Amino acid sequence: MTVADDLRRIVTSSRVLDAPAELRTYAYDASFLTQLAPRPPDAVVIATATEDVSAVMRYANEQHVLVTPRGAASGQAAGAVALSGGIVLALNAMNRILDIDPANMQAFCEPGVVHANLNTALARNNLIFPPDPGSSRMATVGGMASTNAHGMRAVKYGPTSAWVLGMEVVLPNGEIIETGSVGSRAKQSSAGLELTKLIVGAEGTLGVITRLRLKLMAIPPSRAIVLGLFDVLEKAGEAVQAVFAAGVSPSAIEILDERSIQAINLYRPAMRLPSVEALILFEVDGNPPGVRWDAERICEVIGPLTSLTPEWSDEPARINALWEARSVVGAAVGTLRPGSNRAYCGEDICVPVARIPEALRAIQDISARYRIPIATYGHIGGGGLHPGHLIDGRDPDEIQRVLRVADEVHQLALRMGGTTTGEHGVGTARAPYMAQEHGPALEVMRRIKRALDPSGIMNPGVIFDPPSLPFELPLSGPVGEPALAAIDPG
Ligand SMILES: Cc1cc2nc3c(=O)[nH]c(=O)nc-3n(C[C@H](O)[C@H](O)[C@H](O)COP(=O)(O)OP(=O)(O)OC[C@H]3O[C@@H](n4cnc5c(N)ncnc54)[C@H](O)[C@@H]3O)c2cc1C
């Protein structure tokens with residue numbers, strides 16, 4: 001009897017896969033790590049109901065079979081792949097929006113709902129679920145909750161955790177619980193430990209999310225965009241600080257470095273973005289007079305720092321064109337080096353906002369030392385940076401070099417008092433840094449994990465104990481030691 005045979009007897013409405021060709025498609029997510037070490041699971045269950053998720057977990061717990069929950073696998077941290085084998089529990093077919101409750105400004109949905117589809121449905125009621133990852137057309141809300149996804153609007157509206165009011169969760173032993181008070185439609189609560197916040201960001205290590213109660217807001221009636229161009233990187237950093245100090249809270253602040261600008265111009269020549277060291281897009285939203293005031297105020301305070309007079313617009317066509325430039329950058333960076341692959345590793349650091357220019361220069365230095373082109377862009381308002389490394393994926397020497405680049409980028413973030421992941425999560429890829437990043441707090445996390453999952457069957461290798469891989473991850477830092485002593489206060 002195989003695991004798949006057992007599963008076919010216990011899950012009633014769900015599908016069980018075990019054909020090698022089918023399993024192969026579950027061997028990857030969007031991480032570089034799974035490109036290097038793809039690993040098909042032993043079986044896949046395509047869940048369609050909470051009861052089936054519960055039955056799978058009960059079986060797995062009794063038989064000590066490992067389980068990896070999976071949404072759309074757009075994650076870049078090797079979190080949704082069964083790198084140690086076992087069952088992949090696919091939640092993407094549980095994709096119903098169960099209820100939209102405009103009076104109470106909340107929505108109830110299954111975890112497999114794709115983020116963009118949710119917001120399309122909500123827009124009919126003039127409502128929005130504000131977190132907005134660049135992967136909106138792929139990522140599931142279950143995956144977003146599990147990784148505590150942020151996205152561009154997080155600088156004003158906060159991460160996914162700020163918008164999840166409650167969840168139905170299947171624990172590793174199969175028990176089904178509801179967090180955030182049973183049957184509640186209240187928007188706030190102080191009743192007991194915040195289990196919702198514990199499960200959000202747990203990356204599937206503590207249980208499986210099978211339903212979410214999400215907080216919503218009305219779509220802001222107006223928005224505008226400001227374009228700032230900077231000849232000197234450091235002035236871009238100063239501009240962000242000046243905008244906050246002027247009392248403006250933009251709904252997004254995004255930076256593109258020189259290479260990213262170059263990449264966009266190659267990918268979409270019609271954009272004709274000027275060649276400068278940094279470009280920043282500020283978005284403001286709210287009521288129309290307030291939006292105009294905010295946009296003009298931003299132009300006023302950043303004007304002395306920019307190379308050209310800043311431009312602002314509340315014309316939807318101009319706003320969309322500039323956001324289009326930002327949204328294609330992930331794909332566009334490939335044009336900088338024809339035939340190259342983008343290696344998603346060391347791709348998601350977050351540093352203190354005041355140190356962003358310094359971090360960008362340090363990344364350029366790493367790029368030069370390892371001879372790996374890197375185009376960097378990110379959510380400068382919160383300190384999040386996405387370095388895009390371009391390699392020839394067929395060249396083993398370049399693979400080794402880019403893994404060293406990723407390690408240096410992670411160490412840079414920790415040295416600066418930042419984090420190895422601003423929004424994508426730890427997964428397996430960044431698990432080796434967690435002792436360094438958290439110090440003794442990691443042991444407290446382990447104790448929570450052991451209390452909920454004593455057999456250690458849920459998403460092994462993610463956050464806590466990375467599995468052995470068929471290649472060496474070069475780790476230069478004092479792994480296992482807290483980073484605090486090593487922080488350079490700048
Ligand atoms: C082009 C691109 C742009 C991106 N932009 C952003 C961005 O702007 N901001 C951002 O934060 N991220 C971004 N990401 C990363 C990624 O899209 C997010 O991490 C997203 O939240 C993952 O959702 P998913 O459904 O693909 O989850 P998956 O990748 O399938 O899973 C991610 C983790 O969550 C766990 N998980 C998934 N579903 C469940 C569940 N129901 N219950 C328990 N655990 C579960 C998995 O085990 C895994 O550990 C981007 C990715 C790409 C490819």
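The questions below cover a sheet, a helix pair and a ligand shell in a predicted model.

Q: In what order do the 4 strands of the open sheet lie?
A: The sheet is open and its pairing is mixed. Its edge strands, each pairing on one side only, are S1 (15-17) and S3 (67-70). From one strand to the next the twist averages 20°. The order is S1-S2-S4-S3.

Q: In which sense do strand S2 and strand S4 pair, parallel or antiparallel?
A: Strands of a sheet pair through backbone hydrogen bonds, in one of two senses. S2 covers residues 43-46 and S4 covers residues 87-90, with 4 bridges between them. Within this pair, Val-45 of S2 has Leu-89 of S4 opposite. The sense is parallel.

Q: At about what angle does helix H1 run to S2?
A: Helix H1 is formed by residues 3-10. It lies across S1, S2 and S4. Its angle to S2 is about 20°.

Q: Which strands does helix H4 lie across?
A: Helix H4 spans residues 50-63 and runs at about 165° to S4. S4 is one of the strands that H4 lies across; the full set is S2, S3 and S4.

Q: How are H14 and H15 oriented to each other, roughly parallel or roughly antiparallel?
A: The axes of H14 (residues 356-370) and H15 (residues 396-415) come within 10 Å and cross at roughly 155°. The crossing is right-handed. Angles over 145 degrees count as roughly antiparallel. The two helices are therefore roughly antiparallel.

Q: How many charged residues are in the contact of H14 with H15?
A: H14 contributes Ala-359, Ala-362, Ile-363, Ile-366 and Tyr-370. From H15 come Arg-401, Arg-404, Val-405, Glu-408, Val-409 and Leu-412. By class, 8 of the contact residues are nonpolar and none is polar. The number of charged residues is 3.

Q: Which helix supplies the largest share of the shell around the ligand?
A: The ligand is surrounded by 39 residues, and the closest are Gly-71, Gly-75, Gly-79, Gly-143 and Gly-204. S3, helix H6 (141-147) and strand S10 (208-215) each give at least two residues to the shell. The largest share is 5 residues, and it comes from H6.

Q: How many polar residues are in the shell around the ligand?
A: The shell divides into three classes, with 14 nonpolar and 4 charged residues among them. Gly counts as polar here, and the closest residues include Gly-71 and Gly-204. The number of polar residues is 21.

Key. Residues numbered from 1 in each chain as written. Predicted model: local features only at pLDDT ≥ 70, side-chain atom pairs only at ≥ 80, totals over all residues. Pairing = 2+ DSSP bridges. Axes fitted to C-alpha atoms, helices over the stretch in contact; angles between N-to-C directions. Contact = placed C-beta atoms within 7 Å. Parallel < 35°, antiparallel > 145°, perpendicular 65-115°, else oblique. Left-handed = near helix turned anticlockwise from the far one by under 90°. Near = placed C-beta within 6 Å.
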